[in-house]
Amino acid sequence: MPDGLITVRSAFDPAETKARLLAVLKDKGVTVFADIPHAKGAAQAGLVLAYSDLVIFGKPDAGTPLMQAAPTAGIDLPMKALVWQDAAGDTWVSYNDPAWLAKRYGLGPEVQGTATAMTVALHAVASAATSHRSASSE
């Protein structure tokens, strides 16, 4: 996998994984800005693509400090999660590690706590969306 990309296998099919992801984000008060169904777009172009939906989400109080420290971090924010299916039929959720993003943009200790908190929160969201364990057991 590429540097900074976290990928988690889901115990559920793609549609249920995405529904769970959206529900967890809503429960945590996170704004979902967009839901991009790549496979549907491919089908409209007459092409075949396995399930691949990109969910773009965020909380301004979390991402803004990173962009204040490095405005170009806005190219990677808000956060994104890709729910996708591989050739074997397995479902996955992939997202950028906020700690890696902080390193990518050379962000200093003034935003390290924010990046760490975002990493922990995204891990919890991905776990809740992909695991049979409830979010409360995290």
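The chain exposes about 7,500 Å², and carbon and sulfur atoms supply 60% of that area. The model is predicted. Of the 138 residues, 37% count as buried. A search of the whole structure finds 4 salt bridges, and Lys18, Asp35 and Asp53 are joined into one network by bridges that share partners.

**Fold and dimensions**

- The chain contains 5 helices and 5 strands.
- In sequence order these elements follow the pattern β-α-β-α-β-α-β-β-α-α.
- The radius of gyration is 15 Å, which agrees with the value near 14 Å that a compact globule of 138 residues would have.
- Along the principal axes, the C-alpha trace spans about 45 × 40 × 25 Å.
- Counting contacts between residues at least 6 apart in sequence, 64% join residues at least 24 apart.

**Charge distribution**

- The chain carries 11 positive and 13 negative charges.
- The mean positions of these two sets of charges lie 2 Å apart.

**Salt bridges of Lys18**

- Lys18 forms a salt bridge with Asp35, with 2.8 Å between the closest N and O atoms.
- This pair links distant parts of the chain, as Lys18 is in helix H1 (residues 14-27) and Asp35 is in strand S2 (residues 31-37), 17 residues apart.
- Lys18 counts as buried because its relative accessibility, 15%, falls below the 20% cut-off.
- Asp35 has a relative accessible area of 33% and is therefore partly exposed.
- Lys18 also forms a salt bridge with Asp53, again with the closest N and O atoms 2.8 Å apart.
- Lys18 lies in helix H1 and Asp53 in strand S3 (residues 52-58), so this bridge ties together parts that are 35 residues apart in sequence.
- Asp53, at 6% relative accessibility, counts as buried.

**Salt bridge of Arg104 and Asp76**

- Arg104 forms a salt bridge with Asp76, and the closest N and O atoms of the pair are 2.6 Å apart.
- The two residues are 28 apart in sequence: Arg104 belongs to helix H4 (residues 98-104), while Asp76 sits in the loop between helix H3 (60-69) and strand S4 (79-85).
- Arg104 is partly exposed, with a relative accessible area of 47%.
- Asp76 counts as buried, with a relative accessibility of 10%.

Definitions and conventions. Residues numbered from 1 in each chain as written. Predicted model: local features only at pLDDT ≥ 70, side-chain atom pairs only at ≥ 80, totals over all residues. Heavy atoms only, no water. Helix = DSSP H or I, 4+ residues; strand = E, 2+ residues; numbered from the N terminus. Rg over C-alpha atoms; globule rule 2.2 N^0.38 Å. Buried < 20%, exposed > 50% of the residue type's maximum accessible area, 1.4 Å probe, protein only. Contact = heavy atoms within 4.5 Å. Areas by Shrake-Rupley, 256 points an atom, 1.4 Å probe, with all protein chains shown as cover. Lys, Arg positive; Asp, Glu negative; His and termini not counted. Charge placed at Lys NZ, Arg CZ, Asp CG, Glu CD. Salt bridge = Lys/Arg side-chain N within 4 Å of Asp/Glu carboxyl O.
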